[in-house]
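Here is a short briefing on one protein chain. The notes below are grouped by topic and can be read alongside the sequence and the 3D view.

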Amino acid sequence: MICVDDGSTDGTLEVMHEAQRRHGDVVLVLRQRNRGKAAALNHALTAVGTEFFASVDADTQLLPDTLARLFEHFTDPRVAAVSGQMIVGNRHPAQDFVYAAQVREYESANNIERRAFAHVRRITVIPGAIGAFRLSAVAEAGGYPEGTLAEDAHLTLALLLNGHRTTHEASSTVLTEAPDTMAGLRRQRVRWATGKTQVLLRVANPALRRGGLAAALWLYLLWNNSILPLVWLPSALLLPFSAVALLTRGPETVTWVMAVCVLTLAVNYGYFVVSRRYARSIDAAGRAAAGLVEVRTGFRSTVVIPLVSSLATWVAWVRILTGRPGGWDKLDRSGDVRVQAFSAKGALDAD
């Protein structure tokens with residue numbers, strides 16, 4: 001286990017050294033001045049001496065068979081990276097509706113989007129929380145690309161542009177900590193939106209030159225990640241005006257712009273309700289096995305992610321176009337993600 005401290009000023013380094021004292025040579029601790037996550041991951045790569053490796057965020061907890069299930073995919077020499085199944089594992093969230101919104105979002109991402117892209121071996125982001133990689137393919141890409149706020153997305157697209165395949169393993173489960181306040185969610189989504197847009201602009205030239213599936217995938221990601229979210233916020237702002245105009249002056253006063261905005265909100269809301277109901281049923285067993293309580297969602301938890309993501313995308317474009325993309329903007333962590341004790345057979349024991 002290679003642990004990298006990126007110039008922390010809290011107790012992170014002490015925790016790493018304590019793990020090293022308990023487990024001996026199994027744990028290697030590396031330290032560097034604060035240079036960002038990509039630089040820290042590249043530092044770790046200098047100590048990797050195996051053909052394959054896994055990258056795990058410090059706020060993520062593994063199950064006993066998580067890594068083994070990921071590595072099974074490398075029997076296919078064309079596969080360069082595999083993503084795992086992330087479950088939001090906060091046990092005492094500060095704001096329940098923010099927590100519930102992300103539970104449903106992760107369920108959709110895992111069980112609809114990732115499963116769909118896995119069918120064509122084109123997972124577009126191997127997340128920092130859990131992913132396994134073929135070292136030679138990562139080395140061919142030059143390691144983790146630096147200079148953006150989304151090194152995981154950047155590396156994944158670099159692997160795909162080099163002709164490799166990426167896939168997903170739904171049975172490789174981890175519990176990860178998600179922001180549980182509106183302030184934390186806003187900071188995270190601004191970083192995500194900025195990083196994803198930075199990456200798409202960086203790889204635009206090679207993706208479009210390559211043409212075919214690479215160009216189509218790039219256009220899809222640009223539309224889905226960096227353009228479509230821009231519509232949500234103005235749509236939500238125009239909705240009450242459209243309703244008032246419709247009720248007081250009749251349908252002829254509702255312009256096509258307002259109609260498009262209302263239709264956009266309606267279609268997206270319908271998609272969220274239907275898709276998340278399906279996705280929820282798939283992750284229900286995993287959440288129950290992990291001892292996580294059932295999540296109830298309402299209107300706020302349904303719309304908060306699209307609206308915050310829309311605002312974040314507007315902020316991201318302003319930052320990029322003005323040449324001020326910002327920094328990592330560290331999130332507060334509670335550390336309350338806990339995997340239950342396991343029996344000798346590897347099954348989860350009840351509390």
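What percentage of the 351 residues of the chain count as buried? The answer is 47%. The model is predicted, and its secondary structure comes to 12 helices and seven strands. Among contacts between residues at least 6 apart in sequence, 79% join residues at least 24 apart.

**Helix H2 and what covers it**

- Helix H2 runs over residues 37–45, and seven of its nine residues are buried, so the helix is largely enclosed by the rest of the structure.
- The buried residues of H2 are Ala38, Ala39, Ala40, Leu41, Asn42, Ala44 and Leu45.
- The cover over these buried residues includes strands E1 (2–6), E2 (28–32) and E3, together with helices H5 and H6.

**Two residues in strands: Gln32 and Ser55**

- Gln32 lies in strand E2, one of the elements that cover the buried residues of H2.
- Gln32 has a relative accessibility of 8%, which is under the 20% limit, so Gln32 counts as buried.
- Not counting residues up to four places away in sequence, Gln32 touches Val4, Asp5, Asp6, Gly7, Ala39, Ala40 and His43.
- Two of these partners, Ala39 and Ala40, are among the buried residues of H2.
- Gln32 and Asp5 are 27 residues apart along the chain, and their C-alpha atoms are separated by 6.4 Å.
- Ser55 has its place in strand E3 and counts as buried at 9% relative accessibility.
- Outside the residues up to four places away in sequence, Ser55 touches Leu41, Gly128, Ala129, Ile130, Gly131, Phe133 and Tyr144.
- Leu41, one of the partners of Ser55, is a buried residue of H2.

**Aromatic pairs**

- The structure holds five aromatic pairs.
- A pair of aromatic rings is described by the distance of the centres and the angle of the planes.
- The ring centres of Phe53 and Phe133 are 5.3 Å apart, and the planes are at 20°, which is under 30 degrees, so this pair is stacked.
- The pair links distant parts of the chain, with Phe53 in strand E3 (residues 52–56) and Phe133 in strand E6 (residues 130–134), 80 residues apart.
- Both rings belong to buried residues: Phe53 has a relative accessibility of 10%, and Phe133 has one of 3%.
- How is the pair of Phe133 and Tyr144 arranged? This pair is edge-to-face, with 6.2 Å from centre to centre and 70° between the planes.
- Phe133 lies in strand E6 and Tyr144 in the loop between helix H5 (135–140) and H6, so this pair ties together parts that are 11 residues apart in sequence.
- Tyr144 is buried, with a relative accessible area of 5%.
- Phe133 and Tyr144 are also both among the residues that Ser55 touches.
- Ring pairs also link Phe52, Phe71 and Phe74 into a cluster.

**Helices H6 and H7**

- The axes of helix H6 (residues 151–161) and helix H7 (residues 182–202) come within 9 Å and cross at roughly 30°.
- Angles under 35 degrees count as roughly parallel, so H6 is roughly parallel to H7.
- The crossing of the two helices is right-handed.
- Which residues meet where H6 and H7 are in contact? Ala153, His154 and Leu157 in H6 meet Val199, Leu200 and Arg202 in H7.
- The residues of this contact divide into four nonpolar, one polar and one charged.
- An α-helix has 3.6 residues a turn, so residues three or four places apart point the same way.

**Gln188 in helix H7**

- Gln188 is found in helix H7.
- With a relative accessible area of 4%, Gln188 is buried.
- Leaving aside neighbours within four places in sequence, Gln188 is in contact with Gln102, Pro179 and Leu331.

**A loop residue with positive phi: Arg121**

- Arg121 lies in the loop between helix H4 (96–119) and strand E6.
- Phi of Arg121 is near 55°, a positive value in a residue other than glycine.
- Is Arg121 buried or partly exposed? At 29% relative accessibility, Arg121 counts as partly exposed.

Notes
Residues are numbered from 1 along each chain as its sequence is written. This is a predicted model: local features need pLDDT of at least 70, side-chain atom pairs count only at pLDDT 80 or more; totals for chains, interfaces and linings use all residues. Side-chain values use heavy atoms; hydrogens and water are left out. Axes are lines fitted to C-alpha atoms, for helices over the stretch in contact, and angles run from 0 to 180 degrees between N-to-C directions. Helices (H or I, at least four residues) and strands (E, at least two) are DSSP runs, numbered from the N terminus. Angles under 35 degrees count as roughly parallel, over 145 as roughly antiparallel, 65 to 115 as roughly perpendicular and the rest as oblique. A crossing is left-handed if the near helix is turned anticlockwise from the far one by less than a right angle, and right-handed if clockwise. Contact means heavy atoms within 4.5 Å. Ala, Val, Leu, Ile, Met, Phe, Trp, Tyr, Cys and Pro count as nonpolar, Asp, Glu, Lys and Arg as charged, and the others, Gly among them, as polar. Rings of Phe, Tyr and Trp (its six-membered ring) pair if their centres lie within 6.5 Å; planes under 30 degrees apart count as stacked, over 60 as edge-to-face and the rest as tilted. Buried means under 20% relative accessible area, exposed over 50%, partly exposed in between (1.4 Å probe, protein chains only).
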